[in-house]
Amino acid sequence: MTYCVAVKLKAGLVFLSDSRTNAGLDQISTFRKMIVYEKPGDRFMCLLSAGNLSISQSVREILQVEKLQDPDGGEPLTIWNAPSMFDAARVLGSAVRHVYNRDGEALKRSGVEFNVSMIFGGQVKGEGMRLFQVYSAGNFIEATAETPFFQIGESKYGKPVLDRVITPETPLDEAAKCVLVSMDSTLKSNLSVGLPLDLAVYEANALQSDKITCIDDSNPYFQMVRSTWGRKLREVFDGIEHPTWDGSHTEVPLMCENQGRQRPLQKIRNAQEKLI
């Protein structure tokens, strides 16, 4: 499986992906799921992928040469000359459909679902940063201030910390720390997601990035994040009062006389009693 996350902030963009793929308990491999397309001073784009590996690799390869014909006879549109990230996302959608038209029927006959999902974000000179989630049909949605991050793959384990921390005003370094904590939560709970990780941080309007790194199990910062997060969670958990059941004094009773409209669960004591 996979876990990829991307965050759009006022200060920039953060991308993080794992690299584990598996086709069974004893077939585990490492394949990178992030690729960066950069033309310094003109555009910076980052693509994350999840789903069927052969499909996502084909899409990534075709994307570099995919062209959308201009109905007015102008120069064909590619990711390298697209005037906006929206147009670049259209080219990506076309690449997905290109692979589907080529391989979809053959995959279906073999019982394989055409399954791919992608996150595509960046900035083209002359417009603001944009972030998209692209689906198997080649269609896509865009991140907004209300939804400033996208996840693909095993998203459920890492989502709670993102929901609690990430807002458009979050600083870049804080967001990078947050996505690493999100990844650690996923690594802890799901063996199908694994190291090494690829992390890319993009500062708004830079149109290039040198903050791109690979994180393995010996990375000192990630080791610190993993150990600190686990320890602090335990400390917070231990600091929460236990529920009381014996009538002892507490300012936060679990069992209350005034339950409002919701009553405690009804017990069934014999075969003649009914729930209603």
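**Close-up 1. Phe15 and its partner across the strands.** In strand E11, Phe15 has Ala200 as its bridge partner. This is a predicted model, so read each view here as a prediction. Phe15 sits in strand E2, and E2 and E11 are joined by six bridges and run antiparallel. Together with Leu13 and Ser17, Phe15 points to one side of E2, while Gly12, Val14 and Leu16 point the other way. In general, side chains in a regular strand alternate between the two faces of the sheet. Whichever way they point, these E2 residues are all buried. Put as a count, six of the six residues of E2 are buried, so the strand is mostly covered.

**Close-up 2. The hairpin from E1 to E2.** Now look at the other neighbour of E2. Strand E1 (residues 3-8) pairs with strand E2 (residues 12-17) in the antiparallel sense, over five bridges. What links E1 to E2? A hairpin does, through three residues. Two of the bridge pairs are easy to pick out: Val5 has Leu16 as its partner in E2, and Cys4 has Ser17.

**Close-up 3. The whole five-strand sheet.** Zooming out, the sheet is open and has five strands in the order E10-E1-E2-E11-E12, with antiparallel pairing. Which strands stand at the edges? Strand E10 (149-153) and strand E12 (211-215) do; each has a single partner strand, so one side of each is left without a neighbour in the sheet. On average, neighbouring strands here are turned by 10° against each other, ignoring direction. Helix H4 lies across E1, E2, E10, strand E11 (197-203) and E12, and runs at about 20° to E2.

**Close-up 4. Leu162 and its surroundings.** Leu162 belongs to helix H3 (residues 159-165). Is Leu162 buried or exposed? Its relative accessibility is 0%, so Leu162 counts as buried. Setting aside neighbours within four places in sequence, Leu162 is in contact with Tyr3, Val5, Phe149, Gln151, Cys178, Val179 and Ser182. For a reference distance in this view, take the C-alpha atoms of Leu162 and Val181: they are 8.9 Å apart, with the two positions 19 residues apart along the chain count.

**Close-up 5. Helix H4 meets helix H5.** The axes of H4 (residues 172-189) and H5 (residues 220-238) come within 10 Å and cross at roughly 70°. That angle makes H4 roughly perpendicular to H5. The crossing of H4 and H5 is right-handed. On the H4 side, the contact uses Lys177, Leu180, Val181, Asp184, Ser185, Leu187 and Lys188, and H5 supplies Tyr221, Phe222, Val225, Arg226 and Trp229. Sorted by class, this contact has seven nonpolar, one polar and four charged residues.

**Close-up 6. Helix H1 against helix H2.** Two packed helices are described by the angle between their axes and the distance between the axes. For H1 (residues 53-63) and H2 (residues 85-109), the angle is about 135° and the axes are 9 Å apart. H1 and H2 are therefore oblique to each other. Their crossing is right-handed. H1 brings Ile55, Ser58, Val59, Ile62 and Leu63 to the contact, and H2 brings Val91, Leu92, Ala95, Val96, His98, Val99, Arg102 and Leu107. By class, the contact of H1 with H2 has ten nonpolar, two polar and one charged residues.

Key. Residues are numbered from 1 along each chain as its sequence is written. This is a predicted model: local features need pLDDT of at least 70, side-chain atom pairs count only at pLDDT 80 or more; totals for chains, interfaces and linings use all residues. Side-chain values use heavy atoms; hydrogens and water are left out. Axes are lines fitted to C-alpha atoms, for helices over the stretch in contact, and angles run from 0 to 180 degrees between N-to-C directions. Helices (H or I, at least four residues) and strands (E, at least two) are DSSP runs, numbered from the N terminus. Angles under 35 degrees count as roughly parallel, over 145 as roughly antiparallel, 65 to 115 as roughly perpendicular and the rest as oblique. A crossing is left-handed if the near helix is turned anticlockwise from the far one by less than a right angle, and right-handed if clockwise. Contact means heavy atoms within 4.5 Å. Ala, Val, Leu, Ile, Met, Phe, Trp, Tyr, Cys and Pro count as nonpolar, Asp, Glu, Lys and Arg as charged, and the others, Gly among them, as polar. Two strands pair if DSSP finds at least two bridges between them. Buried means under 20% relative accessible area, exposed over 50%, partly exposed in between (1.4 Å probe, protein chains only).
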